Amino acid sequence: GLSASGVQTITIEDTTPPVLDMPDVVEGDISCSDIDPVVAEAFANGELSDEEEEEFLAAAGALFVEFGLVPEGASDECSDASFGEVGVNVEVVDDCPTLITLECIFQAQDECGNLSETASTFLNIVDNEAPVIECPADVTISCEESTMPDNTGMASATDDCGSMVEITYVDEVSEGC
């Protein structure tokens, strides 16, 4: 007799999404000197020009990389996978010491177009440095002259976070001849 033969076609489909390999630490703190909170708030409110927005995102991206707050890679069962940044969100917290939180959102994609779940890392702009004060020079006045700062000199202060600094004073009078 004759024998029969047949052909079977097996199609393997890659429907499994890749997985992001996230770092152990996904949050870090930076100071106002790293990113100006005024610029970050303007980004959050959509008030930056395209060029300013690009500069802000480049500076923020560099800090996420510097602090190791980016995925360590992506893996997939069937094919190579890569990851990318899919967005940056900025939230104005304004709850000292955290002023603003930057969220960087990542997602992986394999060669077949399958997408992973998104994952985020965070940078908090914190006000953790005291303001710097400059006092006026010592003065000598007569007994009848005013000791008010308008007459004796007013202190000034700056803060790295651009916050308004409240200056208070107490007079210390030493008797002279």
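**Exercise 1. Locate Met154, state whether it is buried or exposed, and name the surface patch to which it belongs.**

Step 1. Met154 is found in the loop that lies between helix H3 (149-152) and strand S8 (156-158), where helices (H or I, at least four residues) and strands (E, at least two) are DSSP runs, numbered from the N terminus. The model is a predicted one, in which local features need pLDDT of at least 70 and side-chain atom pairs count only at pLDDT 80 or more, while totals for chains, interfaces and linings use all residues. Residues are numbered from 1 along each chain as its sequence is written, and side-chain values use heavy atoms, with hydrogens and water left out.

Step 2. Met154 counts as exposed because its relative accessibility is 55%; buried means under 20% relative accessible area, exposed over 50%, and partly exposed in between (1.4 Å probe, protein chains only).

Step 3. Together with Ile133 and Ile167, Met154 makes a nonpolar surface patch of about 280 Å². Patches are made of residues with over 30% relative accessible area and no salt bridge (a side-chain nitrogen of Lys or Arg within 4 Å of a carboxyl oxygen of Asp or Glu); like charges are joined within 9 Å, and nonpolar side chains (Val, Leu, Ile, Met, Phe, Trp, Tyr) within 5 Å. The areas come from the Shrake-Rupley method with a 1.4 Å probe, and for residues only the protein chains shown count as cover.

**Exercise 2. Describe the largest nonpolar core and the elements that build it, then follow Phe56 and Val39.**

Step 1. The largest nonpolar core has 25 residues, and those with the most contacts inside it are Ile35, Ala40, Phe56, Val90 and Leu102. Such a core is a set of buried Ala, Val, Leu, Ile, Met, Phe, Trp, Tyr and Cys residues joined through side-chain atoms within 4.5 Å.

Step 2. Two or more residues of this core come from each of helix H1 (37-44), helix H2 (50-66), strand S4 (81-95), strand S5 (98-110) and strand S6 (119-126), and S5 gives the most, with six residues. In soluble globular proteins, nonpolar side chains tend to be buried together.

Step 3. Not counting residues up to four places away in sequence, Phe56 touches Ile35, Val39, Ala40, Phe43, Leu48, Val90 and Leu102, contact meaning heavy atoms within 4.5 Å.

Step 4. Val39 lies in helix H1 and counts as partly exposed because its relative accessibility is 34%. With neighbours within four places in sequence left aside, Val39 is in contact with Leu48 and Phe56.

**Exercise 3. Work out how S4, S5, S6 and S2 pair, and examine the connection between S4 and S5.**

Step 1. S4 and S5 run antiparallel and are joined by 12 bridges, where two strands pair if DSSP finds at least two bridges between them. Val92 has Ile100 of S5 as its bridge partner.

Step 2. A hairpin of two residues joins S4 to S5. Pro97 is found in this loop, and the peptide bond from Cys96 to Pro97 is cis, with omega near 5 degrees.

Step 3. Asp94, in strand S4, has a positive phi of about 50 degrees although it is not a glycine. Asp94 counts as exposed because its relative accessible area is 61%.

Step 4. S5 also pairs with S6, in the antiparallel sense over eight bridges, with Ser120 of S6 as the bridge partner of Ile105. Strand S2 (residues 27-31) runs parallel to S6 and is joined to it by five bridges, Gly28 having Leu123 as its partner in S6. S6 is mostly covered, since seven of its eight residues are buried.

**Exercise 4. Contrast the surroundings of Pro18 and Ser82.**

Step 1. Pro18 has its place in the segment before strand S1 (19-21), and it counts as buried because its relative accessible area is 4%.

Step 2. Beyond four places in sequence, Pro18 touches Ser75, Asp76, Ala81, Ala108, Gln109, Asp110, Asn114, Leu115 and Ser116. The C-alpha atoms of Pro18 and Asp80 are separated by 8.7 Å, although these residues are 62 apart along the chain.

Step 3. Ser82 lies in strand S4 and counts as partly exposed because its relative accessibility is 47%. Apart from neighbours within four places in sequence, Ser82 is in contact with Ala74, Gln107, Ala108 and Gln109.
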